[in-house]
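Trainee: Pick one part of this protein and walk me through it closely. I'd like to know how its nonpolar residues are arranged.

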Amino acid sequence: MRLGFPALLALLLLLGPSVAAGDSGDLEPLTPDWRPSSSPYSDLNSGFTSGSSSHGGSSSHGGFSSSSGYSSSSSRTYGGSSSSGGFSSGSGSSSSRDFGFNRSRSGDSTRSGSGSVPQPFSNFSGSKDDNGACLCSITLPDTTFPADRVERLEFIAHTLSEKFETELLRVKEYVRLISIYEKKLSNLTVRIEIMEKDTISYTELEFELIKIEVKEMERLIIRLKGSVVGSSEIIDQLEVEIRNMTLLVEKLETLDKNNVLMIRREIAALKNKLKECEASKGENVPVALAGPPPSPGNCAHGGVVNISQPSIVQLNWRGFAYKYGAWGRDYSPQNPDKGLYWVAPLNTDGRLLEHYRLYNTLDDLLLYTNAREYRITYGQGSGTVVYKNNMYVNWYNTGNLAKINLTTNTVAVTQALPAAAYNNRFSYANVGWQDIDLAVDESGLWVIYATEASTGNMVISKLNDTTLEVLNTWHTKQYKPSVSNAFMVCGVLYATRTLNTRTEEIFYYYDTNTGREGRLDIVMHKMQERVQSINYHPFDQKLFVYNDGYLLNYDLIFEQELL
């Protein structure tokens, strides 16, 4: 350890003014009565070298230096006295001169040429170099600063700091990735919700519904085989086709969703064949003797006797919040199989009909493609129908009817419906703003409503589809607000009521052809709680039902008239 100039100056001051000044005379004791009890600097390792003239770092001419390795210098004698260490100072002469302080280990002090004086230091020695500069070597206590440990500690601290920075960067990267994954998860959740609401993405439930329909056809085939007398070749053929259909449905579950459209068409064809067999079935009557099934648009049957399970087409194009509305297919006797499809959801208030869409084909409707969207500001309620490329609605906030040309989206005719109640006076149960309900069947355009004179009972009027004038009217005994909805088939009014949140019942009919009315008990299953509208298509012989925003289809089964 190399001492600085302040430390050396302090040491010289302790030795006395004469030594500090480089005087060659005898030295006086620094403190006459000072007696150290022992040698405090013994067995030490550090060396200290002092010069007499300058205070630089050189060992010559007054420089300071430490002995190599901090080892103690050997004892030397100046003035003939032997001691373990000494201090010498000279004036530059070549002769050796005793400067006094040579202290024995026993504590006695001697002075050359004079009496003994106490010496305050031990374990030091002095000498002169070739230039006559005084040099001394002193052994100091082991107070060396642990620089190597500090350096090692700094290295460890630096290493830890680098590791911390690395881990901090990793944590920041993890936080960034977590944020990205959270956004991706949120987007995926939204996409799944859309897929769940979008019937284009057929779910497991869709396949289960198809399986149920196929099983019902299997049960019907079994009943037919047991009840038909005579040849059963047609029934056997249908049974084979139904079995093949079951295998196809199972295979379809592993294929893409677009094949569902094909399977639905095949199921519809099979159902038509089954309806023919069911209609031709009679007690002890061979199939060959039964009359042919009614052709599309033909009323040669005994009325509705049953209804199929619902077929879910899709959620309406505006979304789940639009629970009220109507949908169907245009019917024209001149082109019965070429009608376009229409969807008219009401605004969320359940009253205003403002937007509707038209589709040329069912595939366009299912795939949301090639839609033509229009806007009006005067439609009210879910009693809308389309007939001969014209839409018929209840004019907003009135008891009037309006005819809208779908080609130009303009009002062609408006006409007041005589004495009709409106604005929720006698609407259907659980469905508001449907006091006036328009309907279409094989014979044309109808309107179902109530009046104050009828005390709320249902009134049926046949309309001229060109002028909207009333051609004929029938009064029923059925209270309209107790009915959930109604439709017309071959001049017969069929009314429904709610049994529970998943079941409706066709419970009432009124035949305008005969004036007869009565009760029915045809169960009609539904997907949601409320039925907002029911429209019948004569050619397809289907019901188009708007059920809390979902578009449903039902096949009607008629009682076959025998020849």
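Mentor: First, a patch joins residues with over 30% relative accessible area and no salt bridge, like charges within 9 Å and nonpolar side chains (Val, Leu, Ile, Met, Phe, Trp, Tyr) within 5 Å. A salt bridge puts a Lys or Arg side-chain nitrogen within 4 Å of an Asp or Glu carboxyl oxygen, and areas are Shrake-Rupley with a 1.4 Å probe, only the protein chains shown counting as cover for residues. Keep in mind that this is a predicted model, with local features needing pLDDT of at least 70, side-chain atom pairs pLDDT 80 or more, and totals for chains, interfaces and linings using all residues. Numbering starts from 1 along each chain as its sequence is written, and side-chain values use heavy atoms, without hydrogens or water.

Now the patch: Phe155, Ile156 and Leu160 make a nonpolar one of about 330 Å². Ile156 sits in helix α3, residues 147-197 (helices are DSSP runs of H or I, at least four residues; strands are E, at least two; numbered from the N terminus). Ile156 counts as partly exposed because its relative accessibility is 42% (buried is under 20%, exposed over 50%, partly exposed in between; 1.4 Å probe, protein chains only).

For the buried side, the largest nonpolar core holds 23 residues, with Val489, Leu543, Val545 and Leu556 having the most contacts inside it (a core is buried Ala, Val, Leu, Ile, Met, Phe, Trp, Tyr and Cys joined through side-chain atoms within 4.5 Å). Strand β24 gives the largest share of this core, five residues. Apart from it lies another core of 17 residues, including Ala326 and Tyr374.
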